[in-house]
Amino acid sequence: MFLAARVTNAWRFQCPLPIISHCLNSRLPSLVYDAKLYRFNKLSYSLDKESDDFLLWLERKAGTHVSSVLSIGKSSYGRALYASKVIRNGDCILRVPYSVQLAPDNLPHEIKSLLTDEIGHVSKLAIVVLLEMKLGKHSDWVPYINCFPCLMEMHSTMFWSNDELEMIRQSSLYHETIRQKSLVKNEFLTIKNVIEPFSDIFERITFKDFVHAYAIVSSRAWGSIRGVSLIPFADFLNHDGNVKEFLLNDDEKQLSEVIAARDYCPGEQMSVSGHSWGPRLNLVSPSTKALRDTMGPLLERKKWLEL
């Protein structure tokens with residue numbers, strides 16, 4: 001069994017993090033500067049009415065129980081997992097078999113065989129996501145795909161307009177965004193040449209489509225023996241640097257699980273440790289602090305000029 005951590009898409013002004021894979025759930029609602037991003041109020045909690053249906057679908061697909069102690073709820077930042085009953089220190093709060101996780105090896109064989117090792121795991125999994133999105137209601141993963149954020153909900157400078165980027169031109173965030181856009185664009189062009197002959201599988205995809213799928217993977221996927229994996233239900237867990245829960249991969253049992261590190265009361269939000277984050281990948285999402293420090297003075301100046 002080994003520690004799995006989430007693949008990060010967070011750009012932070014600090015030293016590189018330890019090399020263990022991870023994922024950070026981006027829950028910020030838009031790319032527009034909003035004072036609400038800087039309020040640290042306690043999250044409100046309400047049950048997601050579709051949560052029972054999603055968990056039932058996942059357990060049917062897995063052929064086993066995933067969790068009997070967690071419910072999907074809605075916080076002010078989006079979906080989250082909450083204790084639905086008393087949880088004791090050492091309890092297993094969820095188990096998700098590898099068979100119901102999406103990974104690069106879910107690619108159709110005829111496409112997978114043409115993609116060289118020069119194409120990263122995140123890009124390969126992004127193609128898997130694109131394929132399932134294109135299948136629409138015919139996809140076997142519809143309930144899960146429907147949980148992914150739409151393009152307008154993605155919080156990344158990769159989606160900023162030129163005018164928005166111009167506002168942070170003097171920052172390292174600007175230069176990192178331009179560099180990463182170039183890297184992702186190069187991967188997209190390589191992939192596009194491979195998948196274009198498969199018009200029966202893929203409809204025409206755009207760079208924006210690819211970046212959207214790439215952003216979903218880089219913000220939700222976890223490192224695994226398969227490269228990176230999207231783990232339904234587990235990826236509703238938010239991160240918290242003060243907790244000691246981690247996602248563990250058990251290759252012998254072929255499943256991923258989370259063990260409670262303390263007691264929890266019903267209604268408490270469950271999180272995984274932010275300290276388990278891995279290396280920064282090719283997507284730039286500024287943290288709340290980075291946005292405040294970089295854009296705050298610029299927007300304040302802009303406000304006075306408009307007055």
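Start by selecting helix 3 and helix 7: their crossing is right-handed. This is a predicted model, so take the whole tour in that spirit. The axes of helix 3 (residues 121–135) and helix 7 come within 8 Å and cross at roughly 115°. That angle makes helix 3 roughly perpendicular to helix 7.

Now show side chains on both helices. On the helix 3 side, pick out Val122, Ser123, Leu125, Ala126, Val129, Leu130, Met133 and Lys134. Across from them, helix 7 brings Asp209, Phe210, His212, Ala213, Tyr214, Ile216, Val217 and Ser218 to the contact.

**Next: helix 6 on helix 7**

Keep helix 7 selected and add helix 6, residues 172–195. What angle do helix 6 and helix 7 pack at? About 110°, with the axes 10 Å apart. Once again the label is roughly perpendicular, this time for helix 6 against helix 7. The crossing of helix 6 and helix 7 is right-handed. From helix 6, colour Lys181, Val184, Lys185, Phe188 and Ile191; from helix 7, colour Phe207, Phe210, Val211 and Tyr214. Phe210 and Tyr214 are worth a label, since they turn up in the contact with helix 6 and also in the one with helix 3.

**Zoom in on lysine 181**

Stay in helix 6 and centre on lysine 181. Is lysine 181 buried or partly exposed? Partly exposed, at 23% relative accessibility. Ignore the neighbours within four places in sequence, and lysine 181 is in contact with Thr157, Met158, Trp160, Leu165 and Phe207. Draw a C-alpha to C-alpha distance from lysine 181 to methionine 158: you should get 6.6 Å, for two residues 23 apart along the chain.

**Off the end of helix 7**

Follow helix 7 (207–220) out into the loop that leads to strand 7 (222–224), and you land on alanine 221. Switch on a surface and alanine 221 has nothing to show: its relative accessibility is 0%, so it counts as buried. Now add alanine 103. The two alanines, 221 and 103, sit 118 residues apart in sequence, yet their C-alpha atoms are 9.0 Å apart.

**A salt bridge between two loops**

Select aspartate 105 and arginine 226 together. Their side chains meet in a salt bridge, 2.6 Å from N to O. Where are the two partners? Aspartate 105 lies in the loop between strand 6 (92–97) and helix 2 (109–112), and arginine 226 lies in the loop between strand 7 and strand 8 (227–229), so the pair ties together parts 121 residues apart in sequence. Aspartate 105 is partly exposed, with a relative accessible area of 38%.

**Two more salt bridges**

The structure holds eight salt bridges, so here are a couple of others to click on. One joins glutamate 166 to arginine 169, with the closest N and O atoms 2.8 Å apart. Both ends are partly exposed: glutamate 166 at 41% relative accessibility and arginine 169 at 35%.

The other pairs glutamate 268 with arginine 262, at 3.0 Å from N to O. Glutamate 268 has a relative accessible area of 25%, which makes it partly exposed, and arginine 262 is also partly exposed, at 37%.

**Two backbone oddities**

Which residues have a positive phi although they are not glycines? Select phenylalanine 233, with a phi of about 75°, and glutamine 254, with a phi of about 60°. Phenylalanine 233 is in the loop between strand 8 and strand 9 (238–240), and it is buried, at 0% relative accessibility. Glutamine 254 is in the loop between strand 10 (247–250) and strand 11 (255–259). With a relative accessible area of 43%, glutamine 254 is partly exposed.

**Zoom out**

Finish with everything on screen. Colour by secondary structure and you get eight helices and 13 strands. Of the 307 residues, 50% count as buried. Turn the surface on for the protein: about 15300 Å² is exposed, and carbon and sulfur atoms supply 53% of that. Last of all, try a contact map. Among contacts between residues at least 6 apart in sequence, 75% join residues at least 24 apart.

Definitions and conventions:
Residues numbered from 1 in each chain as written. Predicted model: local features only at pLDDT ≥ 70, side-chain atom pairs only at ≥ 80, totals over all residues. Heavy atoms only, no water. Helix = DSSP H or I, 4+ residues; strand = E, 2+ residues; numbered from the N terminus. Buried < 20%, exposed > 50% of the residue type's maximum accessible area, 1.4 Å probe, protein only. Contact = heavy atoms within 4.5 Å. Areas by Shrake-Rupley, 256 points an atom, 1.4 Å probe, with all protein chains shown as cover. Salt bridge = Lys/Arg side-chain N within 4 Å of Asp/Glu carboxyl O. Axes fitted to C-alpha atoms, helices over the stretch in contact; angles between N-to-C directions. Parallel < 35°, antiparallel > 145°, perpendicular 65-115°, else oblique. Left-handed = near helix turned anticlockwise from the far one by under 90°.
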